[in-house]
Structures are given as structure tokens and as C-alpha cells.
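This report looks at the backbone, the pairing of charges, one pocket and the core of a protein model. Please keep the structure at hand while reading.

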Amino acid sequence: TPLAVNSAASLWGPYKDIWHKVGNALWRRQPEAVHLLDKILKKHKPDFISLFKNPPKNVQQHEKVQKASTEGVAIQGQQGTRLLPEQLIKEAFILSDLFDIGELAAVELLLAGEHQQPHFPGLTRGLVAVLLYWDGKRCIANSLKALIQSRRGKTWTLELSPELASMTTRFTDELMEQGLTYKVLTLVSQIDVNNEFEKLQRERGLGSEKHRKEVSDLIKECRQSLAESLFAWACQSPLGKEDTLLLIGHLERVTVEANGSLD
């Protein structure tokens, strides 16, 4: 059935896996890691091309989740269906509105949040789900930055095998051809901790001081890694004319901080 729930949460689990495999290949230099990285990048190329784009809300999914307390939902890789408690369904709709994500993706984050709760003492599954959502984004942003840093280029080398350097250079070239500069600059302009916190505050999506700091750190790291991806690109290989103009346009708009550093 197409409407099956991924219990590892499609907005978190797979991205965590990508980040792990990037690390295995680029830093831990594991022998079989190059092949595994190639495989996962091919599979998840659409996620890098659409960069941070969420699965949209969907009438069919909404109905499915609405009835999940009596009819249940199918879980990928498991037999039969699982009934969802009314409270979880209510939380899923709140999460779906909060992040503007598909209803099943919201259910997945809550189920994964529930599963991860032992690692987060004192947090509800909803508060853990908020962390997982931003951790998924962080994993994609960090993977993108690392892949771009591993490109063949003029400023530095990570001394990778020719096979690996060719693969990451080719992969990131394809992303650039699909308008990566514009997407990154748009996200860097849009992602704002204060705005995100306002939304979360309204839906009681923020917990203790510690939870707030963790959420804030994840959001900031997403933005930072995206910005550093472009910086790394420009260091390794010149940006095309259009992309250079986009970057200049962006720099003209951003504020210079009091200490002279760019925001």
C-alpha cells in the first residue's frame, strides 16, 4: 500500500543514514564505504535537489490519519495495521500544520519521537519529534557541505581516492546545474530562529531551557552549513556568472553585524 508509515520517519531516519555514510566514506575511510555512499546518493538525489522541501499535506493522507484510531495505518515492513491513539492523531495534525508537512510524515516523526524518548528524559514524544525534524535537516545540510568540501578543486584536498573525489565532484556538479546556489541562498534568507520559535511557541512545541537550546542550535547549524556549502564551493571552483550575481545580490541585502562579520 502506498500509504504506509515509515517507522524510522522519512524526514529523519534516511537523512541520518546519509550523514553517517558520508562520514564513513570521507573521514572514516572505510573500504566498502565508497560503494555504499554512491548507492545512497543515487537513491536520495531528489532530496538534495529539492533541498529541505517537505512532503506536502494531502487530503487522502488526512482522511487516513483521521480514521487511524479505528482503522489503523500500515507500517512499512510490518504485517497488518497499527491503531493510533486519538491523542497521537491530534498531535500529528498540529505537527503537520506547524511544519507544513504531509500528515503521514507527521505521524512518522511522532512514532520515531516515541521510540527515541528514552534518549531524551523528560521530553514528550512531540518535543522529541521537533528535534528529529530539525536534526533531519541538519544531516542533509551537513552532508551537502561535506560533499562539496570533498570536491576536486584549487584550494584544498581531502586526499581522497580518485574514485571517491570523482563521484562527489560529479554528484555536486549535477546539484549545481539544478540551481543549488539559488536554493541555498533562499534557505539562508528564510531560516530564522526567532520565526521558528514563534511558531513552535504557539503550538507548545518548545520545552525546557535545554530543549530550546537544542532546537535553536540545530536550526542555526542548518543555516550555517548551507552557507558554508556555498563558501566551500567558491573556494574549490569558480561559481558561474549567474550564481556569482545571485551571491552578490544576497550579500548586498544581508546586514553586517556590529562586529563587522556578515550575518
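F52 is buried, with a relative accessible area of 14%. The model shown here is a predicted one. F52 sits in the loop that runs between helix 2 (33-50) and helix 3 (59-66). Its phi is positive, near 70°, although F52 is a residue other than glycine. As background, most residues other than glycine have a negative phi.

R204 also has a positive phi, of about 55°, and is not a glycine. This residue lies in the loop between helix 9 and helix 10 (209-236). R204 counts as exposed, because its relative accessibility of 75% is over the 50% cut-off.

**The second largest pocket**

R204 appears again in the lining of a pocket. The second largest pocket has a volume of about 360 Å³. Two elements give two or more residues each to its lining, namely helix 4 (86-99) and helix 6 (125-149). Helix 4 provides the largest share, six residues. In total 15 residues line this pocket, and those that lie nearest its centre are E91, I94, G126, E203 and R204. Sorted by type, the lining holds six nonpolar, four polar and five charged residues.

**Salt bridges**

Side chains of opposite charge can pair when their charged atoms come close. In this model the count comes to 15 salt bridges. Three of them are listed here.

| Salt bridge | Closest N to O distance |
|---|---|
| E91 and R125 | 2.8 Å |
| R138 and D135 | 2.8 Å |
| E196 and K199 | 3.5 Å |

What does the salt bridge between E91 and R125 tie together? E91 lies in helix 4 and R125 in helix 6, so this pair links parts that are 34 residues apart in sequence. Both of these residues are buried. E91 is also one of the residues nearest the centre of the second largest pocket.

The other two pairs each lie within a single helix. R138 and D135 are three residues apart in helix 6, which means that about one helical turn separates them. R138 and D135 are both buried.

E196 and K199 are likewise three residues apart, here in helix 9 (residues 193-202), and about one helical turn lies between them. Is each of these two residues buried, partly exposed or exposed? E196 is buried, because its relative accessible area of 11% is under the 20% cut-off. K199 is partly exposed, with a relative accessible area of 29%.

Some salt bridges share partners, and in this way K16, D135, R138 and E221 are joined into one network. The pair R138 and D135 from the table belongs to that network.

**The largest nonpolar core**

Which residues touch the most other members of the largest nonpolar core? They are L109 and L226, in a core of 80 residues. Helix 6 supplies the largest share of this core, 15 residues.

The contacts of L109 can be followed in the structure. Leaving out residues up to four places away in sequence, L109 touches A9, L11, W12, L95, I101, A129, L132 and Y133.

**Helix 6 in review**

Helix 6 has come up in several places above. It gives two or more residues to the lining of the second largest pocket, and R125 in this helix pairs with E91 in helix 4. Helix 6 also holds R138 and D135, and the largest share of the largest nonpolar core comes from it.

Terms used:
Residues numbered from 1 in each chain as written. Heavy atoms only, no water. 1 Å grid on protein atoms, 1.4 Å probe; cavity = no way out; pocket = protein on both sides within 12 Å on 5 of 7 lines; lining within 4 Å. Points joined across faces, edges and corners; volume = space filled by probe spheres on them. Helix = DSSP H or I, 4+ residues; strand = E, 2+ residues; numbered from the N terminus. Nonpolar A, V, L, I, M, F, W, Y, C, P; charged D, E, K, R; others polar. Salt bridge = Lys/Arg side-chain N within 4 Å of Asp/Glu carboxyl O. Buried < 20%, exposed > 50% of the residue type's maximum accessible area, 1.4 Å probe, protein only. Core = buried A, V, L, I, M, F, W, Y, C linked by side-chain atoms within 4.5 Å. Contact = heavy atoms within 4.5 Å.
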